[in-house]
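Biologist: Please take a close look at one part of this structure for me. I would like to follow a single strand outward to its neighbours.

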Amino acid sequence: MDSPASPFLRIERDAEGTQSVHTVLHLRDPKFLMEFAPDRESPNKVGRGVLKRVCVPNSWAGDYGRYSAFIAEAQEFFARSFGEPVTKAVTRRFGR
């Protein structure tokens, strides 16, 4: 899992068939989302994910250099989010 300060959040949902869809949200500005499917061809059956969809603000349309670093970060977060689970105290985001 990523540190509590991570600007990303992964949501998993079942899709048609047997493959799940994972949405990675960037929670800080610029807010955007990406949808991934696990890469079944990778050794761990997840990999960095297969990118299915990217939704970015209209002001970013066509400015690929501006958000390419964010896309790479989101893919790394996706891969790390399948790692070993950590204690709830580490993942608690709101300090309650």
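Modeller: Happy to, and I will begin with one pair of residues: valine 24 stands opposite methionine 34 in β3. This is a predicted model, in which local features need pLDDT of at least 70 and side-chain atom pairs 80 or more, whereas totals for chains, interfaces and linings use all residues. Residues are numbered from 1 along each chain as its sequence is written, and side-chain values use heavy atoms, leaving out hydrogens and water.

The strand I have picked is β2, residues 20-26. Strands here are DSSP runs of E with at least two residues, helices are runs of H or I with at least four, and both are numbered from the N terminus. Of the seven residues in β2, six are buried (under 20% relative accessible area; over 50% is exposed, in between is partly exposed; 1.4 Å probe, protein chains only). The strand is therefore largely enclosed by the rest of the structure. Serine 20 belongs to β2, and at a relative accessible area of 9% this serine is buried.

Now to the neighbours of β2. With strand β1 (residues 8-14), β2 pairs in the antiparallel sense over seven bridges; two strands pair if DSSP finds at least two bridges between them. Along this pairing, isoleucine 11 stands opposite threonine 23 in β2, and leucine 9 has leucine 25 of β2 as its bridge partner. Strand β3 (residues 32-37) also pairs with β2 in the antiparallel sense, here over five bridges. Between β2 and β3 runs a hairpin of five residues.

Stepping back, β2 belongs to an open sheet of four strands in the order β1-β2-β3-β4, with antiparallel pairing. The edges are taken by β1 and β4 (50-55), each with a single partner strand, so one side of each has no neighbour in the sheet.

You may also like the charged side chains around this strand. Taking a salt bridge as a side-chain nitrogen of Lys or Arg within 4 Å of a carboxyl oxygen of Asp or Glu, the count comes to four. In one of them, glutamate 12 meets arginine 10 at 3.5 Å, N to O. Both partners are partly exposed: glutamate 12 has 48% relative accessibility, and arginine 10 has 22%.

Another salt bridge brings the side chains of glutamate 35 and arginine 13 together at 3.3 Å, N to O. Because glutamate 35 lies in strand β3 and arginine 13 in strand β1, this pair ties together parts 22 residues apart in sequence. Glutamate 35 counts as buried at 12% relative accessibility, whereas arginine 13 is partly exposed at 41%.

Beyond the strands, glutamate 76 and arginine 48 form a salt bridge through their side chains at 2.9 Å, N to O. Here glutamate 76 sits in helix α1 and arginine 48 in the loop between β3 and β4, so the pair ties together parts that are 28 residues apart in sequence. Glutamate 76 is partly exposed, with a relative accessible area of 35%, and arginine 48 is partly exposed as well, at 38%. Finally, salt bridges that share partners join Arg13, Glu35 and Arg53 into one network.

To return to your strand: β2 pairs with β1 over seven bridges and with β3 over five, and six of its seven residues are buried.
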